[in-house]
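New to this one? Take a look at the sequence and the model, then read on for a quick tour.

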Amino acid sequence: MIQRTPFANALTYGVMIFGFLLLIGPFIVILAGASQTFQQVNAIPFSFVPQDRLFENMGAAWSRANLGTAMLNSFVMASLVTVGKVALSALTAFAIVFFRTPLKGFFFWMVFITLMLPLEVRVVPTYAVAADLFQPVRLLISTVTGLEVSVDWNLLNSYAGLTLPLIATATGTFLYRQFYLTLPDELAEAARMDGSGAIRFFIDMLLPLSRTNMLALTTIMFVYGWNQYLWPLLMVTDPQYKTTMMSLVALLPADNGTPDWNVTLAGSLIIMLPPLIVVAVLQRWFVRGLVATEK
Amino acid sequence: MDKRAAFRSWWLPSLFALPQIILILLFFYWPAVAVLRWAFTLEPPFGGAAEFVGFTNFQEVFADPLYWNSVGISLAFALCGTLATIFIGLVLALAVDRQLPGSAPFRFLYILPYAIAGPAAGMAFRFILSPERGLMASANAAFPDFWNPAKYGSHALILVIIVFAWKWAGYTFIFLLAGLQSVPRSLIEAAAMDGCGPIRRAVDIQIPLLAPTLFFLLVIMMTEGFVGADTYGIVARTTDGGPNHGTDVMVYRIVEEAFRGLNYSGASAQSLVLIGLIMIFTFIQFRFIERQVHYK
């Protein structure tokens, strides 16, 4: 559109630069602080110029908070959540959309209601379930048969416990459902005409078609899994299963110790990096997934 | 919405949905029922079966001034956080949507803070806006006690709201930009022909047409502010609910009550109140989405 608007253009650039300072400024402060010495980081006024000690500080943070195990655990947890979510929601959405069965509506509403309660408000009993997985089964057996069965299966301090409760939500299912509903009816008709069964149709036609959706869901689920804080905090008592979000506490300078914030900032930079890379590199899919899951 | 050519089988879809359904039953419905059960019972102090106590737990919760304090804090947090994120996102989206030369990198950059976990962002901001170092130290040196989130509850609340707004502004930005791009170009051009400048067009055409997106974001962000995963993480790692319960949001209080105070019944009663709140939000959102689909 051709219109001369010098004032509005200047204002637009001003707004964009102000937004840059507001949203990217903190990253610059973190990077600058993380690359400075102990004296520089505590100097008043703060200097925004990055120095050359970034990798030394990162190394110090890495050993102080034992970030090696934590990064590995976070990576495993985020990957498991992602894979579980991408696979299970594809299956469930397939069952909901492509079959004519009385159970369809039941499945749909059962999954839909999970959108309402985030983990934060049901965290206490979820913890109780994870600590004693067969509790519901036992209750069922004892009410039906009157027998007391003592089987224990405890998910605390395990990857299963870290990931399974996070997979049990509906977001991904709805992403797939929306996509399946946009496919033309003729597709399934043609497949049936050619003699393909439901499973064949799912594997050979639906899965290849939903590649973009899968990528979108993968990016948002990886970031979601990596950034989990409350659930691992409650679940894990064994340092072997610590995730990165839990090692944040270990990075913080002690109340009466030396305030070496340069190491703390370097450590938090390491922790922020993996999801940041995912969002930066795969931004197209990330944005698509974000917009699609909320619809 | 039904598809015409559906497969006919009852066991196959059940098999497909089974893994998800089992997980949901175990980790969603069972805990949800447990919240209900705990909210109306009390465990005797020396063991034994839980006793049904009716609404006693709720009465106890509602009689506690600290609970009402946390309700107020949550309300302030969610409301200010929501308005701030939507305002920042809207202004930036309007600017980027003009597609002036050089605006593409900004669009890329504004989304980045959304990748950062609430607790990690909270810890970084503890340094960035700390009273003794970082950016606010100079202001404090000139005017002593100008900014001290460790001492004043109101400052701490502002701090956690800033962290929340920083993280979520990119999110509202994405949705508002997508909304702006679906505003018909011809409408904007017609307005330009009539001599409207960009600001006038933004105020009189674009923002009114964005109303559905704005409303949707209002509901989403309010829910996020009340019960979001980040809300807990931000408060826990930035201020720990303090000073003197100054940032004691509802989610933080529930978790503290349950795992530090070991008061499962009280925590469950509080959870139930929060669940009621979310249901209202979800209901509003659902109604609104129904209507939007209808318009299309």
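Here's a short briefing on how the chains meet, how one helix pair crosses and how one chain splits into domains.

Keep in mind that this is a predicted model. Chains A and B touch through 85 residues of chain A and 89 residues of chain B. Helix H1(A) supplies the largest share of chain A's side, with 14 residues.

**Where the chains meet**
- On the side of chain A that touches chain B, you'll find 63 nonpolar, 15 polar and 7 charged residues.

**One helix pair across the chains**
- Helix H1 of chain A covers residues 6–34, and helix H3 of chain B covers residues 65–97.
- Their axes come within 9 Å and cross at roughly 130°.
- That angle falls in neither the roughly antiparallel range, over 145 degrees, nor the roughly perpendicular one, 65 to 115, so H1(A) counts as oblique to H3(B).
- As for handedness, H1(A) and H3(B) make a left-handed crossing.
- From H1(A) come Thr12(A), Val15(A), Met16(A) and Gly19(A), and they meet Val91(B), Leu92(B), Ala95(B) and Val96(B) of H3(B).
- Sorted by class, the residues in this helix contact are 6 nonpolar and 2 polar, with no charged ones.

**Domains of chain B**
- The domain assignment splits chain B into domain 1 (27–63 + 263–296) and domain 2 (68–247).
- Between the C-alpha centres of these two domains of chain B lie 29 Å.
- Where they touch, 8 residues of domain 1 of chain B contact 8 residues of domain 2 of chain B.
- Domain 1's side of that contact in chain B has 6 nonpolar residues, 2 polar residues and no charged residues.

Definitions and conventions: Residues numbered from 1 in each chain as written. Chains lettered and ligands numbered in written order. Predicted model: local features only at pLDDT ≥ 70, side-chain atom pairs only at ≥ 80, totals over all residues. Axes fitted to C-alpha atoms, helices over the stretch in contact; angles between N-to-C directions. Helix = DSSP H or I, 4+ residues; strand = E, 2+ residues; numbered from the N terminus. Parallel < 35°, antiparallel > 145°, perpendicular 65-115°, else oblique. Left-handed = near helix turned anticlockwise from the far one by under 90°. Contact = placed C-beta atoms within 7 Å. Nonpolar A, V, L, I, M, F, W, Y, C, P; charged D, E, K, R; others polar. Domains from an automatic or database assignment.
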